[in-house]
Amino acid sequence: MITFDDVYKIGTLARTHGVKGELAFAFTDDVWDRIDADYVFLCLDGLLVPFFFEEWRFRSEHTALVKFENIDDIHAAEPLVGADVFFPKDLTPEDIDEEDLTWQHFIGFEVWQGDDTLLGTVADVLDQTANVLLDVATPDGHSILIPAHEDFVMKADHRLRCLYVNVPEELLTLNG
């Protein structure tokens with residue numbers, strides 16, 4: 001049985017689209033398209049349920065219209081609105097062309113200072129200014145802002161969804 005440790009969240013089904021069962025999928029990671037996946041998991045009543053794609057098409061940089069098999073009208077699609085969408089970690093490619101990624105891809109990644117100090121999990125990417133910041137939710141419930149800059153990123157493990165950074169301590173203490 002698949003568990004939440006085996007998957008990671010890639011978005012949410014935002015609303016229905018039309019009357020033939022299509023749904024607007026607001027995503028933070030387009031991994032399902034990059035590897036041409038057949039399915040994703042939806043969290044329904046606390047359970048991970050596989051849903052197989054019939055088709056999809058992109059509407060914007062962060063929205064796609066998806067049609068799942070056996071969801072053929074608006075009445076079948078409506079109960080899925082608001083469901084979180086998850087992707088299996090074991091299908092995530094190890095070799096990702098990082099030049100094609102945006103910082104949004106790293107939402108949900110654990111952030112480690114070096115190899116041994118967990119800073120937290122990327123909760124959001126603040127890109128409204130010239131300096132992009134990673135909003136990291138710390139294990140103690142606080143938030144720290146880390147500059148999203150290649151000079152601070154040592155490596156990214158896309159399969160484990162970990163980002164290893166070397167951020168000067170002075171920048172980390174500015175947050176608190």
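Leaving aside neighbours within four places in sequence, phenylalanine 25 is in contact (heavy atoms within 4.5 Å) with Ile10, Gly11, Thr12, Leu13, Trp32, His62, Thr63, Ala64, Val66 and Val85. Phenylalanine 25 lies in strand 2; strands (E, at least two residues) and helices (H or I, at least four) are DSSP runs, numbered from the N terminus. With a relative accessible area of 1%, phenylalanine 25 is buried, where buried means under 20% relative accessible area, exposed over 50% and partly exposed in between, with a 1.4 Å probe and protein chains only. One of its contacts, alanine 64, is 39 residues away along the chain, yet the two C-alpha atoms are separated by 5.1 Å.

A word on the model helps here: it is predicted, so local features need pLDDT of at least 70 and side-chain atom pairs count only at pLDDT 80 or more, while totals for chains, interfaces and linings use all residues. Residues are numbered from 1 along each chain as its sequence is written, and side-chain values use heavy atoms, with hydrogens and water left out.

Strand 2 belongs to a closed barrel of six strands that runs 1-2-5-4-3-6 with antiparallel pairing; two strands pair if DSSP finds at least two bridges between them. The twist from one strand to the next averages 50 degrees, taken between axes that are lines fitted to C-alpha atoms (for helices over the stretch in contact), with angles from 0 to 180 degrees between N-to-C directions. Strand 2 and strand 5 run antiparallel and are joined by four bridges. Within strand 5, valine 66 is the bridge partner of leucine 23.

What does the largest nonpolar core contain? It has 22 residues, and those with the most contacts inside it are Ile10, Leu13, Trp32 and Phe68; such a core is a set of buried Ala, Val, Leu, Ile, Met, Phe, Trp, Tyr and Cys residues joined through side-chain atoms within 4.5 Å. At least two residues of this core come from each of strand 1 (7-17), strand 2 (22-27), helix 1 (31-34), strand 3 (39-44), strand 4 (47-58), strand 5 (63-68) and strand 6 (84-88). Not counting residues up to four places away in sequence, tryptophan 32 touches Ile10, Phe25, Phe27, Ala37, Val40, Phe53, Trp56, Phe58, Ala64 and Phe87. A second, separate core of 18 residues includes Ile107, Val111, Leu134 and Val167.

Aromatic rings are worth a look too. Rings of Phe, Tyr and Trp (its six-membered ring) pair if their centres lie within 6.5 Å, with planes under 30 degrees apart counted as stacked, over 60 as edge-to-face and the rest as tilted. By this rule there are 15 aromatic pairs. In one of them, phenylalanine 27 and tryptophan 32 meet edge-to-face, 4.9 Å centre to centre and with 75 degrees between the planes. Both phenylalanine 27 and tryptophan 32 are buried. One aromatic cluster is formed by Phe25, Phe27, Trp32, Phe51, Phe53, Trp56, Phe58 and Phe68.

Further along the chain comes an open sheet. Its six strands have the order 10-9-8-7-12-11, with mixed pairing. Strand 10 (143-147) and strand 11 (153-157) stand at the edges with a single partner strand each, so one side of each has no neighbour in the sheet. From one strand to the next, the twist averages 35 degrees. Strand 9 (residues 133-137) and strand 10 run antiparallel, joined by five bridges, and valine 136 stands opposite isoleucine 144. These two strands form a hairpin with five residues between them, where glycine 141 in the turn has a positive phi of about 90 degrees. In a regular strand the side chains alternate between the two faces of the sheet. Strand 10 shows this alternation: Ile144 and Ile146 point to one face and are buried, whereas Ser143, Leu145 and Pro147 point to the other and are not.

Two loop residues complete the picture. Most residues other than glycine have a negative phi. Aspartate 36, in the loop between helix 1 and strand 3, has a positive phi of about 55 degrees, and counts as exposed at 56% relative accessibility. Arginine 161, in the loop between strand 11 and strand 12 (162-165), has a positive phi near 60 degrees, but is buried, with a relative accessible area of 5%.
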